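Visitor: I should like to be guided through this structure. May we take it one part at a time?

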Amino acid sequence: MEEVLLPVLTACGLPVRRSRIQLQRVVSRPRALSLWGLELDCHPFPHCIIRNFIQSDSFTENLQRELLDLNFHEKSNDLYKFNQSDDLKKRKEPHITGLRAGLFGRFRSWLGEVLGIELEPTVDISCAKYQYTDVLLCHDDELEGRRVAFILYLVPPWESSDGGTLDLFSTDDHFQPHSVVKSLVPSWNTLVLFEVSPISFHQVAEVLSEDKCRLSLSGWFHGPSLERPPRHIEPPFPRSPHLPRDETLLLEWLNPLYLDVDYQSQVQQEFEDSSEIQLKNFLKEEKFKEVSEALRSTDFQWTKQGPPNRRCYEVASLESFPQCVSACWELLCSEAFFLLLSNFTGLRLHYLSPSDEDREEEKDQEYEEEREATGSSGYTPSANKNNKGPSTPVCVGELRRWAHGDYTLLHDGDSSRAEYALDLLLTLSCPDWQTEFGGFTSYVANEEDEELLMVYPEENSLALVYRDKETLKFVKHINHRSSTLPIGDSCRRAVYDFSFVYYE
Ligand SMILES: *[C@@H]1O[C@H](CO)[C@@H](O)[C@H](O)[C@H]1NC(C)=O
Ligand SMILES: *[C@@H]1O[C@H](CO)[C@@H](O)[C@H](O)[C@H]1NC(C)=O
């Protein structure tokens, strides 16, 4: 392996060292630099592209063969969908072993010398296979010890129209990713390196080719981490108490079934057992049609939401709502609707809703027991609640449009701020939507990646989910399969929903 890498190293060694000096001058006036098939660029963050990395063609082909023979496992969560190989740290295949030794041996020493930092011998490498609709969304790679990321591509001839590009993001004043400013098209036997830092935001764009396989080896050289600026905390969305609107609004808008008191108590029983319920045909048919048509035909002002390491979808601005959509919005914020939700869920979303004395007592008892058990007064939520007296229930909502490429991600900051809440999702237009398109809401247990519940988009269906502090949610990336819906009526390729959250 030394022999294979050596020509590359000697070819790169000199120019890289020389260019580093030039690079410092380049930083203020960011420009790319290209020498001996090696490209260095500081924009949007330091990265380097080395073409024809392995000199021996037969070595590279054998390496590819060994990798394709490995077992692959499907990996899928909020951030990604792709297939990963068995751990490469222990594999004994000759070419995998050779590359591993070369990368984490001499190449690492050389790289450390070039960068002027001590890179540790820690071996951190895996093989990934991305095929049609696979993706890795925007993130910064930061994890204890990772200092330089590398990716070696073993792909067939590849065009940017095949997707699967390595996209690099610029960042804003809060060190949050802003937009893709550079896309690297993968190519056979090309190695890409970049510095892992608080601004190294990147993604693997969705693979759009239906038959090409994007095979790559990737990993990290470990070393002393860079200092991290404090995490940017997003200001919370303002929450509002209910609007003073009475029951006539419910009579006008809702399927009468849901106003039947007996049916409401059935719903409540089911909800209390499972903390979630799906109410089909929720709006009256004619109201549902009216709102759906308005959504498709009206010139709403849709605004893309970001930053891309957290979310990507569109929200309609309230001012642009036509009358019937405003009315539907008001319905969901109305006093009568807060009361209805109390009836459906047993939650206290209105001061008139029956207070559940038993439940409060239970909580207090739990609190006392906990105090005794831990011997501390560290557990305070219910104590706080008692001190504050009854709080005013509030809500926050959005009218959203989801289409190809949209998603939301879980975020490190989310778990610390998670609260008890009632999520409401009223899905309007999504004809012919299929599960395999993505776009479903997935609830997961905090820290554990364990899937608790999925809510699939379904027309005129109201989903209610009660979340505790251990539960987080994301909307799965909507992939290219959604584009197979009929062309012409672009609204058929989108999901529209009202998303509200209610707090007791
Ligand atoms: C990915 O892994 C899954 C599960 O092991 C397998 O069923 C699927 O065929 C794999 N896909 C590819 C492209 O290897
Ligand atoms: C809630 O239930 C109570 C009785 O249990 C009923 O009187 C009231 O009308 C219901 N509220 C709504 C908004 O349906």
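Guide: Certainly; please note that the model is predicted.

Visitor: In what order do the 3 strands of the open sheet stand?
Guide: The pairing in this sheet is antiparallel. Strand E21 (450-455) and strand E23 (471-475) are the edge strands, each pairing on one side only. On average, neighbouring strands are turned by 25 degrees against each other, direction ignored. The order is E21-E20-E23.

Visitor: Which residue in E21 does Ala445 stand opposite?
Guide: Strand E20 (residues 441-445) and E21 run antiparallel and are joined by 5 bridges. Opposite Ala445 in E21 stands Glu450.

Visitor: Where do the buried residues of H2 lie, seen down its axis?
Guide: The buried residues in H2 are Phe59, Thr60, Leu63, Glu66 and Leu67. Seen down the axis of H2, they fall within an arc of 125 degrees, so they line one face of the helix. An α-helix has 3.6 residues a turn, so residues three or four places apart point the same way. The place asked for is therefore one face of the helix.

Visitor: How far apart are the end C-alpha atoms of helix H2?
Guide: Helix H2 (residues 57-68) has 12 residues, which at 1.5 Å a residue should span 16 Å. The value for its end C-alpha atoms agrees with this: they are 17 Å apart.

Visitor: Which helix gives the most to the largest nonpolar core?
Guide: This core has 48 residues, and those touching the most other members are Phe282, Leu283, Phe337, Leu399, Leu424, Phe498 and Tyr502. The helix that gives the most to it, with 8 residues, is H7 (residues 323-333).

Visitor: How many residues form the other core, which lies apart from it?
Guide: In soluble globular proteins, nonpolar side chains tend to be buried together. Among the members of this other core are Cys48, Leu88, Phe107 and Leu217. Its number of residues is 33.

Visitor: Why is strand E13 described as largely enclosed by the rest of the structure?
Guide: A residue counts as buried when its relative accessible area is under 20%. Strand E13 (residues 214-222) has 9 residues, and it is largely enclosed because the number of them that are buried is 8.

Visitor: Which residue of E13 does Ala149 stand opposite?
Guide: E13 pairs in the antiparallel sense with strand E8 (residues 146-153) over 7 bridges. Strand E6 (residues 125-130) also runs antiparallel to E13, joined by 6 bridges, and there Ile125 stands opposite Gly219. For Ala149, the residue opposite in E13 is Trp220.

Technical notes. Residues are numbered from 1 along each chain as its sequence is written. Chains are lettered from A and ligands numbered from 1 in the order in which they are written. This is a predicted model: local features need pLDDT of at least 70, side-chain atom pairs count only at pLDDT 80 or more; totals for chains, interfaces and linings use all residues. Side-chain values use heavy atoms; hydrogens and water are left out. Helices (H or I, at least four residues) and strands (E, at least two) are DSSP runs, numbered from the N terminus. The expected span of a helix is 1.5 Å times one less than its number of residues. Buried means under 20% relative accessible area, exposed over 50%, partly exposed in between (1.4 Å probe, protein chains only). The arc is that of the directions from the helix axis to the C-beta atoms. Two strands pair if DSSP finds at least two bridges between them. Axes are lines fitted to C-alpha atoms, for helices over the stretch in contact, and angles run from 0 to 180 degrees between N-to-C directions. A nonpolar core is a set of buried Ala, Val, Leu, Ile, Met, Phe, Trp, Tyr and Cys residues joined through side-chain atoms within 4.5 Å.
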